[in-house]
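Biologist: Please take a close look at the side-chain contacts in this model, beginning with the charged pairs. I would like the partners, the distances and the burial of each residue where you have them.

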Amino acid sequence: MAHDRRSSPLDLNSYEDALIYVDAEAAPRVLGRIRDALGLVEDDGAELAVGPVRVEGEPNDYATGRRAHPFDFLQWPTVLECEASEGAPAEEVVQAVTAVLEALWRGGFKAVATCDFEHELPARGGIDRCPYPAPARGGNGVSSGTGTWWKNLISPGKRKGRNP
């Protein structure tokens, strides 16, 4: 008997849906770029079919209205809702979401997926591609080896060891 990875009351992994947050305005433009990158011919406007997954683009209700912090993907302006068709095999759902993520990344978009199967997606759904501060070696705080975005949040006087 083959192991079916679809969700059940006892299954911790659900392959029914995923959200992909994209750091770009205009969901229709994002979907158009995915459509072109994947060579999809149908044009349903705000919706795509990628294998067994329907992808719909929407403005993110939680977007802050200003450029979000690079690691705060939950506030990026566009969210793609990915919903698997009834009975779709888990492997096909993972492949479809992977195809969407990789098309976005190749197109220069920052994108992160949130779902129960992030660990099966490349770069853990994209989270490994986001810069974030590393803890300092002594415990809490930020190490000096973090990316430049974190240094930009600290005032120039404090970066140089001066008191304000």
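**Side-chain contacts**

Modeller: R54 forms a salt bridge with E83 (Lys or Arg side-chain nitrogen within 4 Å of an Asp or Glu carboxyl oxygen), and the closest N and O atoms are 2.8 Å apart. This contact links distant parts of the chain: R54 belongs to strand β3, residues 53–59, and E83 to strand β4, residues 78–84, with the two positions 29 residues apart. Helices (H or I, at least four residues) and strands (E, at least two) are DSSP runs numbered from the N terminus. The model is predicted, so local features need pLDDT of at least 70 and side-chain atom pairs pLDDT 80 or more, while totals for chains, interfaces and linings use all residues. Numbering starts from 1 along each chain as its sequence is written, and side-chain values use heavy atoms, without hydrogens or water.

R54 has a second partner, E56, again with the closest N and O atoms 2.8 Å apart. R54 is partly exposed at a relative accessible area of 27% (buried is under 20%, exposed over 50%, partly exposed in between, with a 1.4 Å probe and protein chains only). E56, at 21% relative accessibility, is partly exposed, and so is E83, at 43%. Salt bridges with shared partners join E83, E56, R54 and E47 into one network.

Over the whole structure the search gives 5 salt bridges. Another of them pairs D23 with K110, where the closest N and O atoms are 3.1 Å apart. D23 sits in the loop between β1 (17–22) and α1 (27–38), and K110 in the loop between α2 (90–106) and β5 (111–114), so the salt bridge ties together parts that are 87 residues apart in sequence. D23 counts as buried, with 11% relative accessibility, whereas K110 is partly exposed at 34%.

Turning to the rings, the same kind of search finds 3 aromatic pairs (Phe, Tyr or Trp ring centres within 6.5 Å, the six-membered ring for Trp; planes under 30 degrees apart are stacked, over 60 edge-to-face, the rest tilted). Among them is the stacked pair of Y15 and F117, 5.1 Å centre to centre, with 15 degrees between the planes. Y15 lies in the segment before β1 and F117 in the loop between β5 and α3 (148–153), so this pair too links distant parts of the chain, 102 residues apart. Y15 and F117 are both buried. One aromatic cluster is made up of Y21, F73 and W76.

A charge also meets a ring: the charged end of R129 sits over the ring of W105, 4.3 Å from the ring centre (NZ of Lys or CZ of Arg within 6 Å of the centre and within 35 degrees of the ring normal).

On cysteines, the search finds 0 disulfides (sulfur atoms within 2.5 Å). For C82, the closest cysteine sulfur is that of C115, at 8.5 Å, which is too far for a bond. C82 is buried, with a relative accessible area of 3%, and C115 is buried as well, with 14%.
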